[in-house]
Amino acid sequence: MQKSVRFNEGHALYLSVVARKEGTKRGYLSKKTTENSRWHEKFFALYQNVFFYFENEQSVRPAGIYLLEGCTCESVPVPKVSTAGKETLDKQHYFLIVFGHDGQKPLELRTEEENECDEWVEAIQQASYSDIIIEREVLMQKYIHLVQIVETEKVAANQLRTQLEDQDTEIERLKGEIVALNKTNERMWPYHVNQEDEDPDIKKIKKVQSFMRGWLCRRKWKLIVQDYICSPHAESMRKRNQIVFNMVEAETEYVHQLSILVNCFLRPLRMAASSKKPPISHDDVSSVFLNSETIMFLHEIFHQGLKARIANWPTLVLADLFDILLPMLNIYQEFVRNHQYSLQVLANCKQNRDFDKLLKQYEANAACEGRMLETFLTYPMFQIPRYIITLHELLAHTPHEHVERKSLEFAKSKLEELSRVMHDEVSDTENIRKNLAIERMIVEGCDILLDTSQTFVRQGSLIQLPSVERGKLSKVRLGSLSLKKEAERQCFLFTKHFLICTRSSGGKLHLLKVSGVLSLIECTLIEETETSDDDCDGGQVFGQLDFKLIIEPSDSPSFTVVLLAPSRQEKAAWTSDISQCIDNIRCNGLMTSVFEENSKVTVPHMIKSDMRLHKDDVDICFSKTLNSCKVPQIRYASVERLLERLTDLRFLSIDFLNTFLHTYRIFTTAAVVMDKLADIYKKPFTSIPVRSLELFFATNQNNRSGDHTNDKSPRLCRKFSGPLSISSRTSSPVRTRKLSLHSPISARVGGLDLTNINSIPSSFSQSAVSSPSSAQTPTFPTPSPQTPTTTSPPPTSSSSPPGGNKSPQDQAPLPPCLPLSYPEQSPSPTAEGQELPRVDAFCGKMRRSILFNNSERTCDKEFIIRRAATNRVLNVLRHWVSKHSQDFEMNSELKMGVICLLEEILRDPDLLPQERKATANILRYTQTCRHGQTHTLKYEHMYTHTHTHKSECFESLSAMELAEQITLLDHIVFRSIPYEEFLGQGWMKVDKSERTPYIMKTSQHFNDMSNLVASQIMTHTDVGSRANSIEKWVAVADICRCLNNYNGVLEITSALNRSAIYRLKKTWAKVCKQTKALMDKLQKTVSSEGRFKNLRETLKNCNPPSVPYLGMYLTDLAFIEEGTPNFTEEGLVNFSKMRMISHIIREIRQFQQTPYRIEHQPKVTQYLLDKTLIMDEDTLYDLSLKIEPRLPA
């Protein structure tokens, strides 16, 4: 028998070597011996659950081994000793290892550092595997418990079997007793019959008693049921069940959309990618359709669960379904993050003709119903907010003590967290979807729209006027073409390009061959077209509604495009947006060229190095999408950061400006915005980050010290004194400076060129505008202001101005230079009697130069920053005043603040002529904005006139007259809605009449028109007259469709679908089949199915003017408002939400600003607005029952 345990010494030595090299913890510790209680310092090494100690670190063999499995380790206090050694022991830290098996004494150790002691204790505790041992014991206890349960169940099963056998015996016994009782009753039956014959009164009494008991029970039960039906709980349950039924229908439609996406696009494109000549790669397919198939499978399972719940109606319990759905919704986050990238990949793939042709074949599938692939890829983005709204409605009708209340609240909170992420991504992809939709409508295609940095600004209908020599307009031809359909153009403005298209009868767009795509960097905007003496009233012919664009391509001759807007407000909106886009391009280039000249700090580098524009902070959060200025879009930000972005001179995104001006009243006030603009004008250097200014001034310090000039430039502060006198202005010679004001974006545009010119006194601070010249044009002295000068077209003229001298190194012809003039004076006329074109401050018609003195090179950058600050303030004000005039009409203090600021700018003696002219134009428009709209028709005026004359009868009015006047009324009511009423869901509040009076008026007008149609039909007593009225109203609705009045179409179709009219089967039997088919077509167009998908597609293809259905946009706005709050928990503005709201408001205002050219006919509007002809719903239904009573059941 073996008496000892064999020990593998070689294995132990190997483990000790590994412990010394790769051990979890290694170091010197003091070990207490068991014999004499002395402490000896040893080298310890811990490897897994084996604890080695050596005599020293160089020892090869271990002095001892401990197995730590099952042990415990903890720190112990310092042992008590005499006072002499207390100071030494206080510096030591002790810990104790207690082993789990018997017979092993504890191991006492100590260290000199407390943190080292804690690390040893933690490492040894982990090596003891105590957590695993505890878990094993818990599992073992559970196993024993389960075994006991199984045994108990076996005993219970045996007992149940015994009971079943006993019950079977009892049943047989009871059956025998029943048989015996039946035989006894048969013997007793004749005796009972005799008893009934003998007591008939008793029988009657029993019957009466039975009847009364039954009647009382039925009456009591009926009262109980009626009370419950009328109770709030029953009403809440009915609404709750209806919400679930609607949810099932919506889920069915969503699963169908996903199946179309997978079966009609994803799987066919996978097969195409595997072909010999694949039009698309597998990687691109995966990028476009990421997680689409998984999402479809997930919702198919969820849909089956919903249908199973409906089968168990009225017991509708949904919480467990959402418990299953929630863990799987993380795939939506990946889909959302990839959504914008998928659209970009799709846009790149469409550049391949084979893929584009194949994709159009797939989209032509009948199952797609004319929808594009981008539409199906967008559907999952809106599903999570739909669930949130559904859960919100369910919770509103679920009692607090309901069994699934907490589960529904938990599901709603989780979905809201996911929705916040998705909400931002939807906002970021709105612009890409808009560009792709426009690109698909253009038959020839447009590659510039596939650029994701191209931001959509506005679209609308303009009339293109013919132009003749020198850009003058022919009055005779203009008058003949102003109303012709051939001259109407569908125009689209983007941040970099301007598209001019014609629309075919099928709704497709065709780019013009010559001027279809205009690059804004090559354009000059002339807002007030010039006329000759022979045609001095040309502006009056069109009411000053025309403006022109002068295009100067680098590789072709220049040409002019003259456009006519339908109204002054529309012209102001177009010119403001076009000017803003041009200013963005050229001012960005100006700042780029100025900063690159002296400071070696380029504007892109300045923007890139400014972490405040890229990095998230406590007061701002960015998205991954870049805006038109190549800067990340803002997701959340404080009000201060939004105002800082609005006034940052380095860039201004047009989409940011539109969003800010549409939604600023949600998070700030107009007074705060005005104060910021005034501050930027007076202190322009506060609009550039301090770090960027430090870089700039540091690089220019040497230049300043070398010239021995005063550090305080005369331009560093604003001067608000009056204009200088003529004598003081002309008494000193004019300094000459050369500064190219053009962006290096285009190859033909030069950068900043500061030329070393002869030193001339700098007493005059006004810049001179010279004729166009190249970047290499030599400089020359300028004649005095009294000396007449001439200009010549560049570069054909080779003569120099009087007094001009050529530089010896340049032999190019010298263009003349205009003298500096008083800002209110116009440039001198040319030798041929022509005038220089009117240009904006930083948007010159051609490449121009401004000459600077060498002694003031240190001030050039300050001067440019001041000019850029002034230009920025004027641009924002022009955009604000021209496109948001309602703000100033409703706020007199704001209007006076703007007027005061503009007047203060006009008093600036350093103001450029173009800036002075722009300021005067804005001031004039601000003062006359209310007066300019007095000529338009008002709904109130038309309504008051209905009481002065007797209205016409329906039969005397033609369908064309009715349709035109309905369209005119609908558009007048629609355009009167101020955009601020679309903010904050005021139409759903209790005080909606005070908060959104115009939206309520539009809703009331819709109901009145629908009631008028129904009332007119029901006034006829015979079937034939009612059928004729229905056919006439359907014809009116069809004409409204041709006039793009889809609100009028819905007014009429909703009236015909009312129960009072829809139930008149005999009347509908008399209606012809063509009318019924037309009715179905109109109903399909304005159907609310799929979030009005057919109506949205129709509006995209229609040419304004148009009247959309307002309820569609109110639904979209409510959808956005319900999804996310206006502010985050940290108090930051949710600017992604503001961007989505602005997108919808811009689409609404696009239709508001394009008027109809329909003549007002008072006799028709008197009939349409006569409320005495309208019946209420109850009266209509009672009259319908009299006409066709209900059939007996």
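This report describes the secondary structure, sheets, selected residues and cysteines of a predicted model.

## Overall composition

The predicted model is of a protein with 1193 residues, of which buried residues make up 50%. Its secondary structure comprises 41 helices and 20 strands. When contacts between residues at least 6 apart in sequence are considered, 72% of them join residues that are at least 24 apart.

## The sheet of seven strands

Seven strands form an open sheet with antiparallel pairing, and their order across the sheet is E4-E3-E2-E1-E7-E6-E5. The edges are formed by strand E4, residues 64-67, and strand E5, residues 72-76, each of which pairs on one side only. On average, and with direction ignored, neighbouring strands of this sheet are turned by 35 degrees against each other.

Within this sheet, strand E2, which covers residues 39-47, pairs with strand E3, residues 50-54, in the antiparallel sense over 5 bridges. One residue pair can be named here: Ala45 has Phe52, in E3, as its bridge partner.

## The sheet of three strands

A second open sheet, described here for its own pairing, consists of 3 strands in the order E16-E17-E20, again with antiparallel pairing. Strand E16 (620-626) and strand E20 (1133-1134) stand at its edges, and because each has a single partner strand, one side of each is left without a neighbour in the sheet.

Strand E16 is joined to strand E17, residues 632-637, by 4 bridges, and the two strands run antiparallel. Across this pairing, Phe622 stands opposite Ile634, which lies in E17.

## Helix H6

Helix H6 spans residues 232-273 and so has 42 residues. From its first C-alpha to its last, H6 reaches 59 Å, which is close to the 62 Å expected at 1.5 Å a residue. The helix nevertheless has a bend of about 30 degrees, located at Val262.

## Two buried charged residues

Glu374 is placed in helix H12, which runs over residues 373-378. Its relative accessibility is 4%, and Glu374 therefore counts as buried, the cut-off being under 20%. When neighbours within four places in sequence are left aside, Glu374 is in contact with Leu343, Leu346, Lys350, Glu363, Leu436 and Arg440.

Arg1146 lies in helix H39, residues 1135-1152, and has a relative accessible area of 17%, so that it too is buried under the 20% cut-off. Not counting residues up to four places away in sequence, Arg1146 touches Phe456, Val457, Asn658 and His662. For one of these residues, Val457, the separation along the chain from Arg1146 is 689 residues, while the C-alpha atoms of the two are separated by 8.9 Å.

## Cysteines

The structure holds 0 disulfides. Cys1042 is accordingly in no disulfide, and the nearest cysteine sulfur, which belongs to Cys1040, is 9.2 Å away. Because a disulfide requires a pair of cysteine sulfur atoms within 2.5 Å, that distance of 9.2 Å does not qualify.

The accessibility of two cysteines can also be stated. Cys1042 counts as exposed, since its relative accessibility of 53% is over the 50% cut-off, whereas Cys953, with a relative accessible area of 42%, falls between the cut-offs of 20% and 50% and is therefore partly exposed.

How values were computed. Residues are numbered from 1 along each chain as its sequence is written. This is a predicted model: local features need pLDDT of at least 70, side-chain atom pairs count only at pLDDT 80 or more; totals for chains, interfaces and linings use all residues. Side-chain values use heavy atoms; hydrogens and water are left out. Two strands pair if DSSP finds at least two bridges between them. Axes are lines fitted to C-alpha atoms, for helices over the stretch in contact, and angles run from 0 to 180 degrees between N-to-C directions. Buried means under 20% relative accessible area, exposed over 50%, partly exposed in between (1.4 Å probe, protein chains only). Contact means heavy atoms within 4.5 Å. The expected span of a helix is 1.5 Å times one less than its number of residues. The bend at a residue is the angle between axes fitted to the seven residues ending there and the seven starting there.
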